[in-house]
Amino acid sequence: MKFIILFFVAVLCIMQTSAFMVNPFKLKHSNLKFSATTGAGKEKANVIGKGDLLKKLQEATSFRKRDIEAVLQSFIDIIREDVLHQGSEVRIRDFGTFKPKFIAARDGRNPKTGEPIKIGASSTVKFSPSDSGFRTRHVD
């Protein structure tokens, strides 16, 4: 429980920094910052990976990197167990909601041979950001 509280405090600290002032879910194409290009000339959006996130959390707090990593991994494990395996929703005020998403079985096609195949049912986790935590108004 202590780790979960630590994680949320760290996330809220990061949300207050300039990196999270813009809602990444509501950006227009002209507002995107590109850091690299891929092979076919497609532009790639700036991505913060797990290591980058750990570094930002470490800078925002006085905790050691391995403690922050343990908290983050515990958070991921809790989401996986409660949402994916038990079908529960995890709601975090001013952050968002993690919900299970069930994907029904369907017919598909092998792209190599064109042969019809059956794709089994599966489930995944869907994240919906909260409006109060991630809403930014853009003036055109």
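This short presentation covers the nonpolar core of the structure above and the aromatic residues associated with it.

Good morning, colleagues. Please bear in mind throughout that this is a predicted model.

I shall begin with the core. The largest nonpolar core comprises eight residues: Phe75, Ile79, Val83, Val90, Ile92, Phe95, Phe98 and Phe134. Two elements, the helix α3 (65–85) and the strand β3 (90–92), each supply two or more of these residues. The greatest contribution is that of α3, which gives three. As general background, nonpolar side chains in soluble globular proteins tend to be buried together.

Which residues does Val90 touch, if we leave aside its neighbours within four places in sequence? Val90 is in contact with Ile79, Asp82, Val83, Gly96, Thr97 and Phe98. Among these partners, Ile79, Val83 and Phe98 are also members of the core.

I turn now to the aromatic residues. The structure holds three aromatic pairs, and I shall describe two of them, including that of Phe75 with Phe98. Phe75 and Phe98 are arranged edge-to-face, with 5.8 Å from centre to centre and 75° between the planes. This pair joins distant parts of the chain, since Phe75 belongs to helix α3 and Phe98 to strand β4 (residues 96–103), 23 residues apart. Both Phe75 and Phe98 are buried.

Another pair is formed by Phe95 and Phe127, and its geometry is tilted: the centres are 5.3 Å apart and the planes stand at 50°. Here too, distant parts of the chain are linked, with Phe95 in the loop between β3 and β4, Phe127 in strand β7, and the two positions 32 residues apart.

Are Phe95 and Phe127 buried or partly exposed? Phe95 counts as buried because its relative accessibility is 15%, below the cut-off of 20%. Phe127 has a relative accessible area of 28%, and is therefore partly exposed. Phe95 is accordingly listed in the nonpolar core. Taken together, Phe75, Phe95, Phe98 and Phe127 form one aromatic cluster.

Finally, I would draw your attention to Ser130. This serine lies in the loop between β7 (122–129) and α4 (131–134). Ser130 counts as buried because its relative accessibility is 17%. Setting aside neighbours within four places in sequence, Ser130 is in contact with Asp94, Phe95 and Gly96. Two residues from this account recur here: Phe95, a partner of Phe127 in the tilted pair, and Gly96, a contact of Val90.

To close, I would return to Phe75, Phe95 and Phe98, which belong to the nonpolar core and also take part in the aromatic cluster. Thank you for your attention.

Methods: Residues numbered from 1 in each chain as written. Predicted model: local features only at pLDDT ≥ 70, side-chain atom pairs only at ≥ 80, totals over all residues. Heavy atoms only, no water. Core = buried A, V, L, I, M, F, W, Y, C linked by side-chain atoms within 4.5 Å. Buried < 20%, exposed > 50% of the residue type's maximum accessible area, 1.4 Å probe, protein only. Helix = DSSP H or I, 4+ residues; strand = E, 2+ residues; numbered from the N terminus. Contact = heavy atoms within 4.5 Å. Phe/Tyr/Trp six-rings, centres within 6.5 Å; stacked < 30°, edge-to-face > 60°.
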